Amino acid sequence: MSFERRQTKQIHVGKVPVGGGAPISVQSKTITKTADVEGTLQQIYALAAAGCDIVRCTCNEIEAAEGLAQIVPRSPVPIIADIHHQYKMALAALEAGVHGLRLNPGNIRKPEHIKAVAMEARDRNVPIRIGVNGGSLDPALYEKYGGLTAEAMVESALQEIAYFQEVDFDLIKISVKASNVPLMVEAYRQLSAVTDYPLHLGVTEAGPLPNGLIKATAGISTLLLEGIGDTIRYSLTADPVEEARAGRQLLESLGLRERKNVDLIACPSCGRAEIDVIEVANRAMRAFEDKKIPLQIAVMGCVVNGPGEAREADLGIAAGNKRGHLFVKGRNVAVVPESEMVEALVDWATFIHEHGAEAAIARVDTALAEREAAKDRNALLEEKGADANHSNEKIVEIRKTISDN
Ligand code: SF4
């Protein structure tokens, strides 16, 4: 299933295309001092490894611009300079060779300063994001609209576009972020109706985990499912690697980015679980975290329902009678001690990734594995009574009990 995406113009941030049908890219931001070249590069590499396509670094002082001059040529991904109040920092960042700028129209307001930056960016073929932010809206617009509204944010973006157009600059992408999700969604909807520049989506100051993740996902995915958005950023109060992971995972789960990592599914656990599902699933998640294995892997709490419920997974394990039952594409392939469940998953996943599921199934005696698995299932059923899923018979009994009393 795919979503129809709204057509936008295409720009390039370094080697990464944004808009115009390009794959949606993931952005994040370093939290080091940009003048700390080695520390910043270390963070950029960690972000790139977690799935980040474009990284933004603060350029708030001359030392930061000088740092950028050393960071840009050594970075594995394009670098955008975040400019706060001083337009001269934007000129310095361009001189440092950055691949993009982010300007906040609420902070740099003098038209001559905005145009000076746009002309320099134009001559260097460097795009600029117009980053409208609900928290720093131009007070004149705040007053005009009687507060922070979607209309006010859109007008702020349009004003900035007009300055850029006056100097023939159109390598533009836009964001209209707010920390209030419905407001942010509405602002992007209105903006996408009046412009075809590519849009950068985000919920600003979303906060710490897990609330921040929920807010950002609610806002960003609502818009993506409407076809709006060309690049995304999670603004979390957390290690920026979490932002990159979240962005990548969101795109993968919406089918908007090819899966490169494990999609771990797990049952929510219940009274029938034979193991601590939460602990085993978390251990499995950590074991697979940065492995480039694009398989769906299931961790299920019991062998009675688990294998059936996870039948679509490439590989899974279900707990029963102190053993883990491994299954590949729904077929039992091995039974391992409970303490080795996660290690077994990693071994099998690595093998399947390298040789395919058929080869994995062919290397074992599936009949033996099925017999062992059946032994455990039957023992459990016997111990706990026949399958508790005989709900129809139970309903008859319940109704009988009620009508008899
Ligand atoms: S797989 Fe088993 S333990 Fe997990 S939720 Fe289903 S019935 Fe419960």
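**Warm-up: a cysteine by the ligand**

Does C270 count as buried or exposed? Work it out from the relative accessibility, keeping in mind that this is a predicted model.

*Solution.* Start with the number: C270 has a relative accessibility of 52%. Exposed means over 50%, so C270 counts as exposed. Now try C302, where the relative accessible area is 10%. Buried means under 20%, so C302 is buried.

**Exercise 1: the ligand shell**

List the residues around the ligand and sort them by class.

*Solution.* Go along the chain. You meet C267, S269, C270 and A273, then G301, C302, N305, G306 and E309. Next, sort them: the shell has 4 nonpolar, 4 polar and 1 charged residues. Both cysteines from the warm-up, C270 and C302, turn up in this list. Last step, check for disulfides: the structure holds 0 of them.

**Exercise 2: rings and a charge**

Find the aromatic pair and describe its geometry, then say what the charged end of R363 sits over.

*Solution.* Counting gives 1 aromatic pair. The partners are F164 and F169, with ring centres 5.4 Å apart and planes at 90°. Planes over 60 degrees apart count as edge-to-face, so that is the label for F164 and F169. As for accessibility, F164 and F169 are both buried.

Now for R363. Its charged end sits over the ring of W348, 4.2 Å from the centre. The charged end of R363 also sits over the ring of F351, this time at 3.9 Å from the centre.

**Exercise 3: reading the open sheet**

What is the strand order of the open sheet of 8 strands, and which strands are at its edges?

*Solution.* Read across the sheet: β8-β7-β6-β5-β4-β3-β10-β9, with parallel pairing. The edges are β8 (172-177) and β9 (200-201), each of which pairs on one side only. Then zoom in on one neighbouring pair. Strand β3 (residues 25-29) runs parallel to strand β4 (residues 54-58), and 3 bridges join them. Within this pair, S28 stands opposite V55 in β4.

**Exercise 4: two hairpins around β14**

Which strands pair with β14, and in what sense? Also explain why β14 is described as largely enclosed.

*Solution.* Take one side at a time.

- Strand β13 (residues 315-320) pairs with β14 in the antiparallel sense over 6 bridges. In β14, R323 is the bridge partner of G320. The two strands form a hairpin with 2 residues between them, and N321 in the turn has a positive phi of about 50°.
- Strand β15 (residues 331-337) also pairs with β14 in the antiparallel sense, over 6 bridges. Here G324 stands opposite V336 in β15. β14 and β15 form a hairpin too, with 2 residues between them, and K329 in the turn has a positive phi of about 50°.

Finally, burial. Strand β14 covers residues 323-328, and 5 of its 6 residues are buried, so it is largely enclosed by the rest of the structure.

**Exercise 5: the whole chain**

How many helices and strands does the protein chain have, and what share of its residues count as buried?

*Solution.* The secondary structure comes to 15 helices and 15 strands. For burial, 51% of the 405 residues of the protein chain count as buried. To round things off, the C-alpha atoms fill a box of roughly 80 × 55 × 35 Å along the principal axes.

Technical notes
Residues are numbered from 1 along each chain as its sequence is written. This is a predicted model: local features need pLDDT of at least 70, side-chain atom pairs count only at pLDDT 80 or more; totals for chains, interfaces and linings use all residues. Side-chain values use heavy atoms; hydrogens and water are left out. A residue is near a molecule or strand if one of its heavy atoms lies within 4 Å of it. Ala, Val, Leu, Ile, Met, Phe, Trp, Tyr, Cys and Pro count as nonpolar, Asp, Glu, Lys and Arg as charged, and the others, Gly among them, as polar. Rings of Phe, Tyr and Trp (its six-membered ring) pair if their centres lie within 6.5 Å; planes under 30 degrees apart count as stacked, over 60 as edge-to-face and the rest as tilted. Buried means under 20% relative accessible area, exposed over 50%, partly exposed in between (1.4 Å probe, protein chains only). A charge sits over a ring if NZ of Lys or CZ of Arg is within 6 Å of the ring centre and within 35 degrees of the ring normal. A disulfide is a pair of cysteine sulfur atoms within 2.5 Å. Two strands pair if DSSP finds at least two bridges between them. Helices (H or I, at least four residues) and strands (E, at least two) are DSSP runs, numbered from the N terminus.
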